Amino acid sequence: MDRASIETRAIRVLRPIVITVLAVITLFPFLYMLMLSVRPIEDLLQNPGRLWIDPSEWTLRTYREVLDPAEDGGQGFLRFLTNSAIVSVAATAFTLLVSIPGAYAVARLRFFGRRQVHFLFLAVYLFPSILLAIPLFVLFTRLGLRGSLAGLTLVYIAQTVPVSIYMLRNYLTTIPESLEEAAAVDGYSRLQTLRKVVLPLAAPAVMANALYVFMIAWNEFLFALLFLVEDRADWTVSLGLAQLSGGIEVSKTVLMAGSVVLTLPIVILFFAAERLLTEGLTAGADKG
Amino acid sequence: MSGTTSRETSPETSRGARRQLTARQRENRAGLAYLSPTLVVVLVVVVLPILWTVMLAFQRIRLINLRRAGVFGEYTLANLETVLTSPGFWSSLWTTLVYTVGSTVGSIVLGLVAALALRGRFRGRTLVRASVLLPYVAPVVAVAFVWNVLLSPQFGLVNDWGVRFLDWDRPIAFLSQSEYALLTVIAFETWRYFPFAFLFLLARLQAVPADLEEAARVDGAAPTQIFRHILLPQLGAVIALLSVLRFIMTFNKFDDVYLLTGGGSGTEVVSVRVYEFLTARFDIGAAAAQALVLAAGLVVLLAIYLRFLAPKVDPREEE
């Protein structure tokens, strides 16, 4: 047998194994999280290696403890969910509002400094967010914005606008310019063209972008930790969960219930729009 | 913008100039106007804070005397000295480098394996491709805690199975024993970010013309040869880009290490140190100086990379 057919056979055996391993390592931690969240804590302590327990033993006590408001002896995650939702939706809306015209300008319009804009955006990523965190911490303390959801939203907008512009620009450049010229002939102003011609065509990219920004804002931890930690009423879910783990009397199963509460919205969004997202993120990457 | 002012100051030429420049100038203005919200946000929340960090790094500022802090404070090198001579500075820089290189290489290699394995057709491909992305999209706090629980010596599944099936003498404290902690953190980072590499590599692989591979196969090339001589050259640019992106992002990373180990057991990366200076000692000046050292380190490493190691790409070919 020659090398080619030996290798082909080896791959035929190896490939399903690799695929299985990949599926297991990516899915298992999430399934395990779900399983633990409904397991009674005594059962976990007695038998940590057990993967599955009978549905009749499942308990929703953990979820009640996580979601109930603090006055009722719970952890108040409903409040945190509301905070996270407000911040993420606001950050998404404002980021799009800022980045759509920005992306259009970078994609279409020739203006002074267009080529230099990229460097500005690169700077956002070159500097660690912990470096930005220090002056923003100081600034927000002075302005009284620290401890406010508005301040946090502002930081998220600044963090996501550059990626957002980059992704949208890649998409906008694929829209034929002749369509806009036609609109101009019909007497549309530039803003009208953007709103009535370009935006509908770019809808899938805008959607993907919105989801992406939403996920970043929902998942963010460092700035929430630095700015909001002092007042429990302001916590986002990520921060609430991190603080929960510090509590001594909180059991691991409750922690996992909190993790499920934090993860579920993202997973649902992701599976609902998976195609849109993956194509949006890598648009232009296949051009090499 | 200079054209605008000159037009207003010389009314004589204005009419002729307007007719000539209008389209171009209006485009220029519209471009800047459309981009201005972005520029304002980035300027206020990114550029100015960076400049301010530089100033803070050279002033003696603690949270208590914050009110006095201003542009005209007293400048000093004391912070830099504090940072450079503080115990554990060099080792944390080294830890950061090991962590970054390990995670970058790990995530790209695993991402490449995943892209190659999930490229062709098989039953359930859509589902597997989607689930492979989960570690990347899931909130870091949640996944860090799942790993924490899974690896826990008391009630972790891994240790329980390790002792039962793999004959470990005793449970391993993966996140608090210094010989394992850094490796575990790198494994976590690899796991969390290989989907990112996977996405980009898969997109690129799908753009490789199928007849190229087909021709090689007809000629009797083995799969490894096809990979080495046909696929790899096509992937080169994407891999280089991924390396830089992942390197920058991991180098600056804070959440993952902080949540997994809190920076203990030999995993104290520089960003966690900055956080410690800021919140445990309230020493804003030292925190800023430490953050600046981190950024400077990154710039130096990137400069070395771009100067000596980066594949030469003609910028004109990129568009």
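## Exercises on chain B and its partner

Leaving aside neighbours within four places in sequence, B:Thr53 is in contact with A:Leu131, A:Pro135, B:Ala288 and B:Leu292; contact means heavy atoms within 4.5 Å. This is a predicted model, in which local features need pLDDT of at least 70, side-chain atom pairs count only at pLDDT 80 or more, and totals for chains, interfaces and linings use all residues. Residues are numbered from 1 along each chain as its sequence is written, chains are lettered from A and ligands numbered from 1 in the order in which they are written, and side-chain values use heavy atoms, with hydrogens and water left out.

### Exercise 1: Thr53 and the two domains

Place B:Thr53 in its helix, then state whether B:Thr53 is buried or exposed.

Step 1. B:Thr53 sits in helix α2 of chain B. Helices (H or I, at least four residues) and strands (E, at least two) are DSSP runs, numbered from the N terminus.

Step 2. The relative accessible area of B:Thr53 is 0%, so B:Thr53 is buried. Buried means under 20% relative accessible area, exposed over 50%, and partly exposed in between (1.4 Å probe, protein chains only).

Step 3. Now add the domains. The assignment for chain B gives domain 1 (2-57) and domain 2 (81-318); such bounds come from an automatic or database domain assignment. B:Thr53, B:Leu56 and B:Ala57 supply 86% of the area that domain 1 of chain B buries against domain 2 of chain B, more than any other three residues. Buried area is the accessible area (1.4 Å probe) that two parts lose on being put together, summed over both.

Step 4. Between them, the two domains of chain B bury about 360 Å², with 87% of it on carbon and sulfur atoms. Contacts join 4 residues of domain 1 to 5 residues of domain 2 in chain B. The rule finds 0 salt bridges across this domain interface.

### Exercise 2: the side facing chain A

Describe how chain B meets chain A, from total area down to one residue pair.

Step 1. Chain B and chain A bury about 8,400 Å² between them, and 79% of that is on carbon and sulfur atoms. In chain B, B:Glu27, B:Tyr34 and B:Phe155 lose the most area to chain A, together 9% of what that side buries.

Step 2. Count the residues. In chain B, 99 residues are in contact with 92 residues of chain A.

Step 3. Look for charge pairs. There is 1 salt bridge between chain B and chain A. The rule asks for a side-chain nitrogen of Lys or Arg within 4 Å of a carboxyl oxygen of Asp or Glu. B:Glu27 forms a salt bridge with A:Arg110, with the closest N and O atoms 3.1 Å apart.

Step 4. Find the main contributor. Helix α2 (residues 11-57) of chain B gives the largest share of the side that touches chain A, 22 residues.

### Exercise 3: Glu213 and its two arginines

Which residues form salt bridges with B:Glu213?

Step 1. B:Arg119 pairs with B:Glu213 in a salt bridge, the closest N and O atoms being 3.1 Å apart. B:Arg119 lies in the loop between α4 (89-117) and α5 (125-131) of chain B and B:Glu213 in helix α10 (residues 210-218) of chain B, so the pair ties together parts that are 94 residues apart in sequence.

Step 2. B:Glu213 and B:Arg217 also meet in a salt bridge (3.6 Å, N to O). Both lie in helix α10 of chain B, 4 residues apart, about one turn of the helix.

Step 3. Compare exposure. B:Glu213 is buried at 9% relative accessibility. B:Arg119 is partly exposed at 23%. B:Arg217 is partly exposed at 43%.

### Exercise 4: two positive phi values

Locate B:Asp167 and B:Ser265, and give the phi of each.

Step 1. Recall the background. Most residues other than glycine have a negative phi.

Step 2. B:Asp167 has a positive phi, near 60°. B:Asp167 lies in the loop between α8 (157-165) and α9 (178-206) of chain B. B:Asp167 is exposed, with a relative accessible area of 66%.

Step 3. The phi of B:Ser265 is also positive, near 55°. B:Ser265 is in the loop between α12 (255-260) and α13 (270-279) of chain B. B:Ser265 is partly exposed, at 23% relative accessible area.
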